[in-house]
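Good morning. I will go through a few local features of one protein chain, starting with the backbone and then moving to charged side chains. Please have the picture in view.

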Amino acid sequence: AALAAANNRLWSVSSINPRQAQYTKLLRRGYAPEWNGNLTVRVPGSEDPLTAVGVLPDGRVLLFSQSAIYYTYGEGPSDTGQGAGFAEPALLTDTVGCENKRSVVFGDFGCMFQGERGFYLVDRGLSLTYVGLPYEESNTGPVLATAIDGLRSEVIFYSGRVEDGNQQRWVFNYLRQQ
């Protein structure tokens, strides 16, 4: 997603430096999110711009480029800058990345996204699984939106080309892993 919530903060890819993720001060009820140019995390040793941000249930933040996935964790500094920051992003994989920020969806199951080859899942244990095999040969087109149906334990990806009227829906049941 272009925006994700974790650790009582909002996260996004920096619009000033696309190799950085930025996060807000701690969110407070009744107040708008407060961004500060100093509250950033840079992916070390990478020249690839970040494409999306995702979250795992335990609060770890996933940072995607087109060809890699990084993760960071921690509580972050207080609003006055005191305390520990977030951990330096660690490399999860450099063989898969997220091509489309609209394809990122996260919940209790982990974080799902569309890579170059198809759909992937990063679970709570930071395991990366390719879950798009049944749809590998279909031309689903770009993901336009995602949704979670908690009653059915399903993640739904809406894709296709709007101008063609050729809309498709790809459904993944995260309890059955299919």
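Let us begin at L126, which sits in the loop between β11 (119-122) and β12 (128-130). Before going further, please note that this is a predicted model.

What is the phi of L126? It is near 65°, a positive value, and L126 is a residue other than glycine. For background, most residues other than glycine have a negative phi. Is L126 buried or exposed? L126 has a relative accessible area of 16%, and it is buried because the cut-off for that word is under 20%.

Now to N8. N8 also has a positive phi, near 60°, and is a residue other than glycine. Look for N8 in the loop between β1 (3-6) and β2. The relative accessibility of N8 is 44%, so N8 counts as partly exposed.

That is the backbone part. Next, the charged side chains.

How many salt bridges does the structure hold? The count is 5. I will show some of them.

Take E47 and R19. Their side chains meet in a salt bridge, with 3.5 Å from N to O. Where are the two partners along the chain? E47 is in the loop between β4 (35-42) and β5 (50-55), while R19 is in the loop between β2 (9-13) and β3 (20-24). The two are 28 residues apart, and the pair links distant parts of the chain. Their accessibility can be read off as well. E47 has a relative accessibility of 56%, so E47 counts as exposed. R19 has 27%, so R19 counts as partly exposed.

Another pair is E34 and K25. The side chains of E34 and K25 form a salt bridge at 3.7 Å, N to O. E34 has a relative accessible area of 30% and is partly exposed.

Then there is D58 with R60. In this salt bridge the closest N and O atoms are 2.6 Å apart. D58 is partly exposed, at 48% relative accessible area. R60 is buried, with a relative accessible area of 17%.

Which residues are joined into one network by salt bridges that share partners? They are K25, R28 and E34.

To go back over the main points: L126 and N8 each have a positive phi. The salt bridge between E47 and R19 links distant parts of the chain. K25, R28 and E34 form one network. That is the end of my part.

Terms used. Residues are numbered from 1 along each chain as its sequence is written. This is a predicted model: local features need pLDDT of at least 70, side-chain atom pairs count only at pLDDT 80 or more; totals for chains, interfaces and linings use all residues. Side-chain values use heavy atoms; hydrogens and water are left out. A salt bridge is a side-chain nitrogen of Lys or Arg within 4 Å of a carboxyl oxygen of Asp or Glu. Helices (H or I, at least four residues) and strands (E, at least two) are DSSP runs, numbered from the N terminus. Buried means under 20% relative accessible area, exposed over 50%, partly exposed in between (1.4 Å probe, protein chains only).
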